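The following exercises are to be worked with the sequence and the three-dimensional model at hand. Each task is followed by a solution that proceeds step by step.

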Amino acid sequence: MSGATVAVVIATVPSAVELRAMLDAERRTGRTVGFVPTMGALHAGHASLVRAASAADVVVVSVFVNPLQFAPSEDLAAYPRSLDADVAVAEDSGASIVFAPDEQEMYPGGRDSVLTTVAVPALAATMEGASRPTHFAGVCTVVAKLLNVVGPCTAYFGEKDFQQLAVIRRMVADLSFPVEVIGCPTLREPDGLALSSRNVYLSAEERAVAPVLQRALRAGAEAVAGGQRGADEVRSLMASIIEAAPLGALDYLEVADPTSLEALSVLTGPCRLLGAVRFGRTRLIDNVAAVPGGVR
Ligand code: AMP
């Protein structure tokens, strides 16, 4: 059964109580729920998650720019917001419900009134967490809240945010959420740049060089496939490619275990290459899989 067979073809639901009641009613009739949490400014990457979620009978997309995951110095106020366009993208991709709460609905006493924090420190301290120390606690807290509002479902997250995906998988397992987490591949521009809501911040010059991050990660993956077993050598190779390009300031490059996210030294099995680079005021992240040559 597809999402389009639900009574409500597309509804924008601002209230958590109303959403939960709608989804409970659907589940009582045996329908399954697919859920795609987003911060809006939907692009083809988000749309691919919604299409994947359409394996369920009812597809919910949430649109909420979560203040808890932005540090005071970050781009919360400037973050692109386009709810009408987002509803159209969600509908075109197969969503039946858009949950677009305001801050008051999510944090009734205001963002500073939230006294509970959900965190997975062992997976959140490095890479994105080192650069953005409060980020993952903000992500986990809002995703935990959204999963409690949506209830039993299959939830779809992009590999684009690979560390986030690992953190959420762990949170869902450790806290027994009645949720199956599905990771979806990264959608890219033809020149390799990963689609991101933040790409709109790039100047024309920055946009032209931004694919260097993906190129560096791919070169690292090719070196691993070609027999390079030293993670330091792979990191150096990737860094030299970033440093040779203009405008990009390297934040981090890592060669990590795909599940524990631990930094590796000798590569003997599948690993993940992850990086972040600043182009002016825009910080971009990306990652690719790598498999040592000869390993299956
Ligand atoms: P965001 O709106 O940035 O919080 O992202 C919402 C979801 O979309 C997250 O699970 C992201 O990983 C995913 N996502 C963002 N960009 C892409 C992309 N280029 N390809 C696939 N999924 C993506």
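**Exercise 1. Describe the hairpin formed by strand 8 and strand 9.**

Solution. The model used here is a predicted one. Begin with the turn: two residues lie between strand 8 and strand 9, and G280 in this turn has a positive phi of about 60°. Next, follow the pairing, in which the two strands run antiparallel and are joined by nine bridges. One of the bridge pairs links F279 to T282 in strand 9. Finally, consider how far strand 9 (residues 282-290) is covered: of its nine residues, eight are buried.

**Exercise 2. Determine the order of the strands in the open sheet, and state which strands stand at its edges.**

Solution. Six strands make up the open sheet; their order is 1-4-3-2-5-6, and they pair in parallel. Strand 1 (11-13) and strand 6 (179-184) each have a single partner strand, so they stand at the edges and one side of each has no neighbour in the sheet. From one strand to the next, the twist averages 25°. At the edge formed by strand 1, three bridges connect this strand in the parallel sense to strand 4 (residues 97-99). Within that pair, A11 has I97 of strand 4 as its bridge partner.

**Exercise 3. Identify which strands helix 1 and helix 7 touch or lie across.**

Solution. Take helix 1 (residues 16-28) to begin with: it packs on the sheet and touches strand 1, strand 2 (33-38), strand 3 (58-63) and strand 4. The direction of helix 1 makes about 150° with that of strand 4. Then take helix 7 (residues 135-150), which lies across strand 2, strand 3, strand 4, strand 5 (153-158) and strand 6. Helix 7 runs at about 150° to strand 2.

**Exercise 4. Which residues have the most contacts inside the largest nonpolar core?**

Solution. The largest nonpolar core has 48 residues, and those with the most contacts inside it are L19, L147 and M171. Helix 7 gives the most to this core, namely ten residues. For L19, neighbours within four places in sequence are set aside; its contacts are then V13, V60, I97, F99, V149 and V150. A second core, separate from this one, has 26 residues, including V209, A210, L213 and A239.

**Exercise 5. Test the length of helix 11, then locate its buried and exposed residues.**

Solution. Helix 11 (residues 231-244) has 14 residues, which at 1.5 Å a residue should span 20 Å; the end C-alpha atoms are 20 Å apart, so the two values agree. The buried residues of this helix are A231, V234, R235, M238, A239 and I242. They cover an arc of only 130° around the axis and therefore lie on the same side of helix 11. An α-helix has 3.6 residues a turn, so residues three or four places apart point the same way. On the other side of helix 11, the residues D232, E243 and A244 are exposed. Among the elements that cover the buried residues are helix 10 (212-225), strand 7 (248-256) and strand 8 (271-279).

**Exercise 6. Is V212 buried or exposed, and which residues does V212 touch?**

Solution. V212 belongs to helix 10. Its relative accessible area is 2%, and because buried means under 20%, V212 counts as buried. Not counting residues up to four places away in sequence, V212 touches I241, I242, A245 and F279. As a last step, compare V212 with I97: they are 115 residues apart in sequence, and their C-alpha atoms are 37 Å apart in space.

Terms used:
Residues are numbered from 1 along each chain as its sequence is written. This is a predicted model: local features need pLDDT of at least 70, side-chain atom pairs count only at pLDDT 80 or more; totals for chains, interfaces and linings use all residues. Side-chain values use heavy atoms; hydrogens and water are left out. Helices (H or I, at least four residues) and strands (E, at least two) are DSSP runs, numbered from the N terminus. The expected span of a helix is 1.5 Å times one less than its number of residues. Buried means under 20% relative accessible area, exposed over 50%, partly exposed in between (1.4 Å probe, protein chains only). The arc is that of the directions from the helix axis to the C-beta atoms. Contact means heavy atoms within 4.5 Å. Two strands pair if DSSP finds at least two bridges between them. Axes are lines fitted to C-alpha atoms, for helices over the stretch in contact, and angles run from 0 to 180 degrees between N-to-C directions. A nonpolar core is a set of buried Ala, Val, Leu, Ile, Met, Phe, Trp, Tyr and Cys residues joined through side-chain atoms within 4.5 Å.
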